[in-house]
Amino acid sequence: MSGNTRHVPVMLQRCLDMLAPALAEPGAVVVDCTLGLGGHSEALLATFPAARLVALDRDPVALRLAGERLAPYGERATLVHAVYDELPEVLDRLGLPRVQGVLFDLGVSSMQLDEAERGFAYAQDAPLDMRMNQTTGISAADVLNTYAPGDLVRILRSYGEEKQAKRIVEAVVRERAKEPFTNSARLVELIRDALPQAAKRTGGNPAKRTFQALRIEVNAELASVERAIPAAVKVLAVGGRIAVLSYQSLEDRIVKQVLAAGAANTAPPGLPVVPERYQPRLQLLTRGAELPTEEEVAENRRAAPARLRGAQRIREDIA
């Protein structure tokens, strides 16, 4: 299946509208930090014919598929194999000290969810991999089979917000002693058996939180987000705009904190006049987080948890 037929970009028009004022001028550079199958990138290139695109992805398969999709745009699109927290190094290599727009679409791409063998989806049996870049790093099976019980409990609680973490981990430790975990179906079944009845009745598939936690650990997602959002704000030119789509509360909290800090007055209390270095660097473009419309969720169920936040750079940093 081609990328065009299976990938529906989330909140696409709203993201384009949010970035539009910064991308109208010739020579504007926009960075898609999460290329995926290229849905947002293709729309950016088509909507802003004077803009240049730099797009990052850690997944070599996504880069290849998106490259085919964006080939008609020629040299206007530069695709780079990198994790999004490597943004400053990528722009430095390309000789681009400042950009006019940055877009993040965090979480797992449609392709990664749809390809069963990647092991992201708990709805079908697959190898427990979950690496966004399958050429490097540890897999979800490695985490389950080798981490100390206390570390597994911490991961499930911190990254999955799983209240039954201890119960699940006790079952995992018991089972892995008999035979190491390799496939997702066995883990899903173990979680179902480990949870009390009441816990199974809420919040969809009972394995969802554990799978989210493992995926975040395997890909060091939150650490990457914590580095990437401030780095993206830093490379924005004055007048430049950032738009960030998050799909779970932990990511959204990081984005909210970084953008709110940039939009805050940092002067000590009591100053009669606030010097420029204490004044906000950002102006928020969303009041709280914007949600997808009911129509969009009806058309694309993966849009349901999306939260969009945006900001505009209004002045340079002053040391």
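**Exercise 1. Two crossing helices**

What is the handedness of the crossing of α9 and α10? Work it out on this predicted model, and describe the packing as you go.

*Solution.* Start with the geometry: the axes of α9 and α10 come within 9 Å and cross at roughly 130 degrees. An angle of 115 to 145 degrees falls outside the perpendicular and antiparallel ranges, so α9 and α10 are oblique to each other. Now look at the sense of the turn: the crossing of α9 and α10 is right-handed. Finally, list who touches whom. From α9 come Arg-167, Ile-168, Ala-171, Val-172, Glu-175 and Arg-176, and they meet Arg-186, Leu-187, Leu-190, Ile-191 and Ala-194 of α10.

**Exercise 2. The two sides of α9**

Check the length of helix α9 (residues 165–178), then find which of its residues are buried and what covers them.

*Solution.* Length comes first. With 14 residues at 1.5 Å a residue, α9 should span 20 Å, and its end C-alpha atoms are indeed 20 Å apart, so the two agree. Next, pick out the residues under 20% relative accessible area: in α9 the buried ones are Ala-165, Ile-168, Val-169, Ala-171, Val-172 and Arg-176. Their arc around the axis is only 160 degrees, which means that they sit on the same side of α9. Turn to the other side of α9 and you will find Arg-174, Ala-177 and Lys-178 exposed. As for the cover, the elements over the buried residues of α9 include α7 (140–146), α8 (149–160), α10 (184–194) and α12 (208–219).

**Exercise 3. A second helix pair**

Describe how helix α2 (residues 12–23) packs against helix α3 (residues 39–47).

*Solution.* The axes of α2 and α3 are 11 Å apart, at an angle of about 45 degrees. That angle makes α2 oblique to α3. Their crossing is right-handed. On the α2 side the contact uses Leu-12, Cys-15, Leu-16, Leu-19 and Leu-23, while α3 supplies His-40, Ala-43, Leu-44 and Thr-47.

**Exercise 4. Two methionines with unusual backbone angles**

Where do Met-11 and Met-130 lie, and is each buried or exposed?

*Solution.* Begin with what to expect: most residues other than glycine have a negative phi. Met-11, though not a glycine, has a positive phi of about 45 degrees. Met-11 belongs to the loop between α1 (3–6) and α2. Its relative accessibility is 5%, so Met-11 counts as buried. Met-130 is also not a glycine, and its phi is positive at about 70 degrees. The loop between α6 (110–114) and α7 holds Met-130. With 0% relative accessibility, Met-130 counts as buried.

Terms used. Residues are numbered from 1 along each chain as its sequence is written. This is a predicted model: local features need pLDDT of at least 70, side-chain atom pairs count only at pLDDT 80 or more; totals for chains, interfaces and linings use all residues. Side-chain values use heavy atoms; hydrogens and water are left out. Helices (H or I, at least four residues) and strands (E, at least two) are DSSP runs, numbered from the N terminus. The expected span of a helix is 1.5 Å times one less than its number of residues. Buried means under 20% relative accessible area, exposed over 50%, partly exposed in between (1.4 Å probe, protein chains only). The arc is that of the directions from the helix axis to the C-beta atoms. Contact means heavy atoms within 4.5 Å. Axes are lines fitted to C-alpha atoms, for helices over the stretch in contact, and angles run from 0 to 180 degrees between N-to-C directions. Angles under 35 degrees count as roughly parallel, over 145 as roughly antiparallel, 65 to 115 as roughly perpendicular and the rest as oblique. A crossing is left-handed if the near helix is turned anticlockwise from the far one by less than a right angle, and right-handed if clockwise.
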